[in-house]
Each structure stands twice: as C-alpha cells, then as structure tokens.
Amino acid sequence: MSADLIGGPGGTDAPSTTVPAEEAAAFVAERLAGVPLEGRNLCVVVPDSTRSCPLPLLLGAVHRAVHGRVAHLTVLVALGTHPAMPEEALAAHLGYRPGELEAAYPGTTVVNHEWWIPEALVSLGDIPAAEVAEVTEGRFEEPVTVRINRHVVDSDVVLVLGPVFPHEVVGFSGGNKYFFPGVAGREIIDLSHWLGALISNVEIIGTPGVTPVRALIDRAAARIPAERLCLAVVVASGTKDLHALAFGTPEEAWAAAAEVSAQTHVRYLDRPVRRVLSLVSPRYDELWTASKGMYKVEPVVADGGQVVLYAPHVHEVSRTHGTLIEKIGYHCREYFTGQWDRFADMPRSVLAHSTHVRGAGRFDAEHGERCRITVTLATGLDEQRTRALNLNYLDPAAVDEEEWARDPETLVVPNAGEVLFRLRS
C-alpha cells in the first residue's frame, strides 16, 4: 500500500511547485478524519528547530483534526541528543505565545525528549546480534537495546510529523528516524551513527531507498506497540514553503517524500570545485549541527580542496558533547578504526560526528593522518580553540562573500545545511 501524496517536485535542479497552506491543512484534516482516534491517546513526534518546517501550520491542522476526538494529545520534540528547547523557543517553534500553550492548542502537552533521563525511556528489548548483522550487512554482530521515550509507548497512536532532507547518517531523514534516534535511548543512537560513519557520508548521503542505517531503525520501530502513522513533508530549504506532503505509515510516507526530496534538495555540478564557502544557516547555533554545511558539500570538493564553514554566530562546539569532542578533535574514520583501543570507550555517535566533519582520509602509524580535503572554520570559535580541534582557522571578518563568488573554482552556498551537492557523474 502506498502513501497518499499531495504536491511534488517542479523538476530536477529547479523545484517550483508549492502546496498552498489551505490545501496542506485540508490534506491533513482529510487524512486524519479517516483514522479512528476517538478516545485514544495520540503522541505527535515533531523535529526541533534545526529543521526547516512550517510546524505552526501543520501542527495547527493536526490539532484541529483531532481535538475533541482524542483522549489526550502529547507533542514530543525529537531532540536526538540535541539540547532541550526552553519554553520561549518551543513557543516560537510551534506557534504559540510563551506560557499560552493551552490557548493555542487546548488539551495539549508539549515535552522535550529527555534522552539523558533513564526514567524517561522504556526498553522494547534487544535486537539480536544475528539480526543486527543482517541489516548492517555484516558491519556489526552485536545485540542492541531498543529504548524509546515513554510517551511513545504510553500512547495508542503515534504520528510522526516532520520534513525529509538528504541526511549524512541514514540517506534521507524523516519517517522512523524521528523515533530512532529522534526520541531514542543512547544505545541505538550510538550504533546507528557509527554505522553511517563506517559507510561514510559521501556514500550514504542522499542515497535513495533503504540504506543499512534505515533498515536498522525500521527494525527497531517495528517494536513500538502503538499504531504508527506519518505525515512526511518536503519543505523548500530555509523557508516554510511546502513542496509536498505524504501520509501513511512511516515507511510509506517517508518513501514517497524521499523521492520528492531527491529531486528538490539535490543540486548537481558537472565537475568538482576547489573550494566551497558554506554560509551556515542561523538555525544551527553550535558546530554539532552547523557541520551540516560540510556534509552537504563534501561530495563535490576536489581532492586537496577546501570547505570553509562560515558561521560567526557559532560560539560552541556542542552544548551536549563539547567536552568529548574537544578531547578527541576532528579526524577521518581510519584515525579511529586504526587506533580502536584508544577510542573504544568513547560514545560512537561522537566519533561519528568527528569523522563526518573531517571527511574522508587515511591513517597509518608510519604516515599519520592524511585527509582528502581541508576543513576550515570561520566561526565564533577563536583560533586557538579551532586549531585544537584539528581544524583550520579563518577570521570571519576576512571573508568577502562577493569576492569568493567571483572565483570560478569556488562554490558559495547560502543557507547551507539542507541542500545536497553532488557530481552528475
């Protein structure tokens, strides 16, 4: 059975179709009218503010469609391991005045995913080692505990509501990814991210279909006892404009939206570029997320080339993982796999972030680390701190966007972080 879809791409390299707000709201109302929700508890899982998405429009449509039908409505913010959103940020994100949730969304509870609190999570058992080996194509043969936010388990119906973009760990985001890692425990977060790192950013990002990471999280999601539904949307990056909406199971809706995303969020170049200036979106306020400006352009950078992350607004490595990242720095994958005894006790999601940022490279005891490209920060982090991370430093004041754009060997990417760049070949 396929998902219901409204909208679609306007054509490769030039998406143009937009779903009007009233049509989007009507689509949501019509689809949810057909779901038996009377007297049931509904949990809506939404992204945090690091994703472009017209959440007030969509959540408002959902609320109108279910209010008075459901016994209770919980909105759960899928943080993964991002910092919790305070009330003021939640209000702006979801579309209500701070402290006035009840006026905007009567009968609704809004909660952050408290991944750091064991009591906030429920175990759904282990995926056996043989099953993990199957879905990871032999990269791992170890069991993994599946833990998820208690609000998901305590609900009768769970609706994933969020956008789909090319993604460095799973191929395309969305669907069951909002459960794992979105509202998951640490075990499957670590395993899934390290699995993506072993495959590598360039190999997996924007890969259509079910990647090994997607297979792993789909297998974990099948253990959720609640009925799972999904409203997957394709959003024009950096805006609140909708290209498409798909409704169905998380697997069905994600697949339909990912096909549209593949045609609207990927730009193709005919040849590699020597240098990329990624003008990182303000929605990323720490290097942990701002690094998407590297992930999305790495495939088009020539060997020996450079990626510059221009983000003067970024002053933190990570409010959650900063101490660990600053302890190990940023390195290519083989730097870790070639010295595993040194890093075996480090959270694998942190190692994955490190190698995704640094990009492809080689390491051996004789020659040390040799990375394919140079990664340079032009951020609010000072030079000493930047170089201690094993990254190059550039004073943001020295960056002239217009001058760089005139260089035929430089690609300047505005609003960097959601649109993927690939080579046509």
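**Exercise 1. Strand β2 and its partners**

Task: work out which strand seven bridges join to β2, and in which sense the two run.

Solution. Start with the partner: seven bridges tie β2 to strand β3 (residues 72-78), and the two run parallel. Strands and helices here are DSSP runs, numbered from the N terminus, with at least two residues (E) for a strand and at least four (H or I) for a helix. Strands pair if DSSP finds at least two bridges between them. For a register point, take N41, which stands opposite H72 in β3.

Before going on, a note on the input. This is a predicted model, where local features need pLDDT of at least 70 and side-chain atom pairs count only at pLDDT 80 or more, while totals for chains, interfaces and linings use all residues. Numbering runs from 1 along each chain as its sequence is written, and side-chain values use heavy atoms, with hydrogens and water left out.

Next, the connection: β2, helix α2 (residues 55-66) and β3 make a right-handed β-α-β unit. Right-handed means that, with the strands pointing away from the viewer, the path from the first strand over the helix to the second runs clockwise.

Then look for another partner. β2 also pairs in the parallel sense with strand β7 (residues 157-163), over four bridges, and L42 stands opposite V157 there.

Last, burial. Six of the seven residues of β2 (residues 41-47) are buried, so the strand is largely enclosed by the rest of the structure. Buried means under 20% relative accessible area (1.4 Å probe, protein chains only).

**Exercise 2. The five-stranded sheet**

Task: find which strands stand at the edges of the open sheet.

Solution. Write down the order: β18-β17-β14-β13-β19, an open sheet of five strands with parallel pairing. β18 (392-393) and β19 are at the edges with a single partner strand each, so one side of each has no neighbour in the sheet. Now check one pairing: strand β13 (residues 273-280) and β19 run parallel, joined by five bridges. Within it, V276 has L411 as its bridge partner in β19.

**Exercise 3. The surroundings of D407**

Task: decide whether D407 is buried or exposed, and list its side-chain polar contacts.

Solution. Locate D407 first: it lies in the loop between α18 (401-405) and β19 (410-416). Its relative accessibility is 17%, so D407 counts as buried.

A polar contact needs N or O atoms within 3.5 Å; within protein, one must be able to donate a hydrogen and the other to accept it, and residues adjacent in sequence count only if both atoms are side-chain atoms. The D407 side chain makes one with the side chain of T410 at 2.8 Å and one with the side chain of R275 at 3.4 Å.

Follow R275 onward: its charged end sits over the ring of W404, 3.8 Å from the ring centre. That call requires NZ of Lys or CZ of Arg within 6 Å of the ring centre and within 35 degrees of the ring normal.

**Exercise 4. A hairpin**

Task: how many residues lie between β15 and β16 in their hairpin?

Solution. Get the pairing first: β15 (residues 361-364) and β16 (residues 368-371) run antiparallel, with four bridges joining them. D364 stands opposite G368. The hairpin has three residues between the strands.

Terms used. Buried < 20%, exposed > 50% of the residue type's maximum accessible area, 1.4 Å probe, protein only.
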